[in-house]
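Thank you all for coming. Please have a look at the chain on the screen, and then I will talk you through a few of its features, starting with a term that we will need.

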Amino acid sequence: MKIQAQLPVKGRDLRLDLFRGVANWGIFLDHIPNNVVNWVTTRNYGFSDAADLFIFISGYTVAFVFARMMIERGFIVGATRLIRRVWQIYVAHVFLFVLYLAEIGYLAQKYGNKSFADEFNIQGFLHNPAQTLFEGLILRFKPVNMDVLPLYIVLMGVFPPVLWMMLRKPNWVLAGSALLYVAARHFGWNLSAYPRGYWYFNPFAWQFLFTFGAWFALGGASTTMPFIRSRTALVLGIAYLLFALVITMAARFPELKTLIPSPVYDTFTPNDKTNLAPYRLLHFIVFVFMVVRLLPRDWPGLEWRVFRPAIKCGQQSLEAFCSGIFLSFVAHFVLVEVSGDIWMQVLVSLVGIAAMTVIAYYRSWSKRTDKAPRAAPVAVIA
């Protein structure tokens with residue numbers, strides 16, 4: 001079949017790096033309970049949050065990187081390189097999984113706070129470590145806050161044939177993904193978790209956001225651009241974002257809730273994150289359209305120094321994400337065991353983001369050093 005997808009322009013799109021870095025920061029802050037600083041994250045002002053942004057950009061980036069490779073070097077090369085990336089992410093997940101369990105278990109036992117084990121779903125590990133570790137390795141067991149990487153691994157693992165087809169029939173693939181999303185929500189399809197229940201991020205539903213990101217990278221952006229730039233899209237988009245803001249705020253402020261009819265409020269609350277509720281999906285798509293409309297790829301502000309830390313965390317996303325998960329529990333532990341005052345909430349949040357940024361800069365420097373050509377040995381004449 002003929003290639004119909006439109007490949008993105010070569011070169012880094014700093015908007016992706018910026019927003020993925022912001023998403024990593026947002027996920028870190030959102031994982032710290034009772035933290036006033038997480039009021040700056042997007043989950044407080046609409047139906048979608050940093051997780052939606054992370055998955056969408058992941059789908060976009062995977063298509064951006066591996067589609068060209070698949071076209072130029074063939075399906076086998078592209079698929080094997082993609083699977084190699086999946087393996088790298090899986091290894092990172094296992095490493096983080098073990099460290100995270102050790103971190104929570106050790107601090108819970110050392111400081112006699114057994115609530116940590118219950119709160120972060122590691123009680124089973126403390127009582128049956130062998131079985132729990134095995135279930136973790138096959139992605140069925142996930143401590144609290146470690147749900148995103150398993151979803152990412154599964155979505156990327158099945159993506160090679162999807163990408164092959166998307167290069168040839170992008171709209172058909174998106175339509176098929178939408179049908180799977182609808183069917184999963186209608187029939188209750190999900191993957192089982194250990195020791196009970198189902199995946200917090202239903203992969204049969206969240207695959208649509210990942211696929212939408214890939215479709216957007218391979219021509220979807222140009223296809224929808226006339227609508228994105230239209231006055232109709234602007235007016236409707238702003239109206240929906242404001243509506244989502246009001247509903248989300250009403251869940252936090254009872255005075256505002258009383259002004260909204262119960263049938264309307266109950267339709268959107270609680271926010272169905274597990275199955276990616278349609279209103280949540282629509283909210284994120286509107287957000288993407290607004291960003292594309294208002295923030296062009298060549299905006300000079302992307303080169304400003306103030307954005308460099310977030311961009312660097314987006315470029316080294318895996319390292320920033322994993323360190324953020326680890327540090328989020330450290331921050332929570334400090335707030336529980338040391339002080340929960342507002343000044344401490346601000347301090348642990350800023351220190352955590354600074355640490356993530358330092359790790360991202362170090363990883364970037366390390367990669368450049370590894371790729372730098374070695375100096376030729378100097379001959380010594382006796």
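Let me begin with the term polar contact, by which I mean a pair of N or O atoms within 3.5 Å, where, within protein, one of them must be able to donate a hydrogen and the other to accept it. Please also keep in mind, as we go along, that what you see is a predicted model.

With that term in hand, look at N190, whose side chain reaches the backbone oxygen of W199 at 3.1 Å. You will find N190 in the loop that runs between α9, residues 170-187, and α10, residues 203-228. Is N190 buried or exposed? Its relative accessible area is 18%, and because buried means under 20%, N190 counts as buried. If we leave aside residues up to four places away in sequence, N190 touches Y198, W199, N202, P203, F204 and T274.

Now let us move to a second loop residue, Q316, which sits between α15, residues 308-315, and α16, residues 317-337. Q316 is buried as well, with a relative accessible area of 6%. Which residues does Q316 touch, not counting those up to four places away in sequence? They are A360, R363, S364 and K367.

Since we have just met α15, let us stay with that helix for a moment: A310, I311, K312, C313 and G314 are the residues to look for, and they are buried. The buried residues of α15 pack against α1, which covers 14-30, against α16, and against α17, which covers 342-371.

Let us step back to the whole chain, where there are 17 helices and 0 strands. A compact globule of 382 residues would have a radius of gyration near 21 Å, and the chain, with 22 Å, agrees with that. Along its principal axes, the C-alpha trace spans about 75 × 60 × 45 Å. Of the 382 residues, 51% count as buried. Among the contacts with a separation of 6 or more, 78% come from residues 24 or more positions apart.

Finally, a word on the surface and the charges. The chain exposes about 19400 Å², and carbon and sulfur atoms supply 67% of that area. There are 35 positive and 20 negative side chains, and the centres of these two sets lie 11 Å apart.

Methods. Residues numbered from 1 in each chain as written. Predicted model: local features only at pLDDT ≥ 70, side-chain atom pairs only at ≥ 80, totals over all residues. Heavy atoms only, no water. Helix = DSSP H or I, 4+ residues; strand = E, 2+ residues; numbered from the N terminus. Rg over C-alpha atoms; globule rule 2.2 N^0.38 Å. Buried < 20%, exposed > 50% of the residue type's maximum accessible area, 1.4 Å probe, protein only. Contact = heavy atoms within 4.5 Å. Areas by Shrake-Rupley, 256 points an atom, 1.4 Å probe, with all protein chains shown as cover. Lys, Arg positive; Asp, Glu negative; His and termini not counted. Charge placed at Lys NZ, Arg CZ, Asp CG, Glu CD.
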